[in-house]
Amino acid sequence: QAEFVESGGDLVQPGGSLTLSCVASGFSLEGYAIGWFRQGGGKEREGVACIASRDDGGYYSGSATGRFTISRDRAKNTVTLRMNNLMRRDTALYFCGRGPYCSMYAPDFESWGLGTQVTVTS
């Protein structure tokens with residue numbers, strides 16, 4: 001059974017950085033696009049970043065572009081999201097999932113973990 005476990009969320013001040021990890025089990029992560037999504041209080045789940053299965057190319061939402069970096073570690077079966085210059089609007093529960101290709105649409109992905117909380121506040 002394909003499963004993800006997200007970790008790395010924390011309380012940070014605006015301008016701070018965090019690294020989120022998405023550890024996969026039950027399948028080989030390298031064969032899939034892996035997406036990071038987030039859901040803030042009272043809002044819909046939205047795409048943040050995705051790493052392609054074919055060439056490990058990174059794709060980002062407009063708000064993430066220039067601040068976040070997604071990467072894949074084949075040996076650890078893990079996808080990492082490095083988040084820099086965090087803003088209050090980044091506050092959300094962050095999830096990862098797998099899909100056949102990269103998109104910013106949650107319905108394209110499956111096998112979600114339980115999420116890790118990122119809270120950005122001054």
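**Exercise 1. Work out the order of the six strands in the open sheet, and find which strands stand at the edges.**

*Solution.* Start with the order: the six strands run 2-10-9-4-5-6 in an open sheet, and their pairing is mixed. Strands here are DSSP runs (E, at least two residues), numbered from the N terminus, and two of them pair if DSSP finds at least two bridges between them. Next, look at the edges: strand 2 (11-12) and strand 6 (58-60) each have a single partner strand, so one side of each is left without a neighbour in the sheet. Now zoom in on one pairing: strand 5 (residues 46-51) meets strand 6 in the antiparallel sense, over three bridges. One bridge to spot is A49, whose partner in strand 6 is Y60.

A quick word on what you're looking at: this is a predicted model, where local features need pLDDT of at least 70 and side-chain atom pairs count only at pLDDT 80 or more, while totals for chains, interfaces and linings use all residues. Residues are numbered from 1 along each chain as its sequence is written, and side-chain values use heavy atoms, leaving out hydrogens and water.

**Exercise 2. Classify the ring pair of F27 and Y32, then do likewise for F37 and W112.**

*Solution.* Get the rules straight: rings of Phe, Tyr and Trp (its six-membered ring) pair if their centres lie within 6.5 Å; planes under 30 degrees apart are stacked, over 60 edge-to-face, and the rest tilted. The structure holds five such aromatic pairs. For F27 and Y32, the centres are 5.3 Å apart and the planes sit at 90 degrees, so the pair is edge-to-face. F37 and W112 are edge-to-face too, at 5.1 Å centre to centre and 90 degrees between planes. That second pair links distant parts of the chain: F37 belongs to strand 4 (residues 33-39), W112 to the loop between strand 9 (92-99) and strand 10 (116-120), 75 residues apart.

**Exercise 3. Is F37 buried or exposed?**

*Solution.* Check the cut-offs: buried means under 20% relative accessible area, exposed over 50%, partly exposed in between (1.4 Å probe, protein chains only). F37 has 0%, so F37 is buried. Its ring partner W112, at 28%, counts as partly exposed.

**Exercise 4. Find the ring faces that R45 lies over.**

*Solution.* The test is whether NZ of Lys or CZ of Arg is within 6 Å of the ring centre and within 35 degrees of the ring normal. R45 lies over the face of F95, 3.8 Å from the ring centre. R45 also lies over the face of W112, at 4.7 Å.

How values were computed
Helix = DSSP H or I, 4+ residues; strand = E, 2+ residues; numbered from the N terminus.
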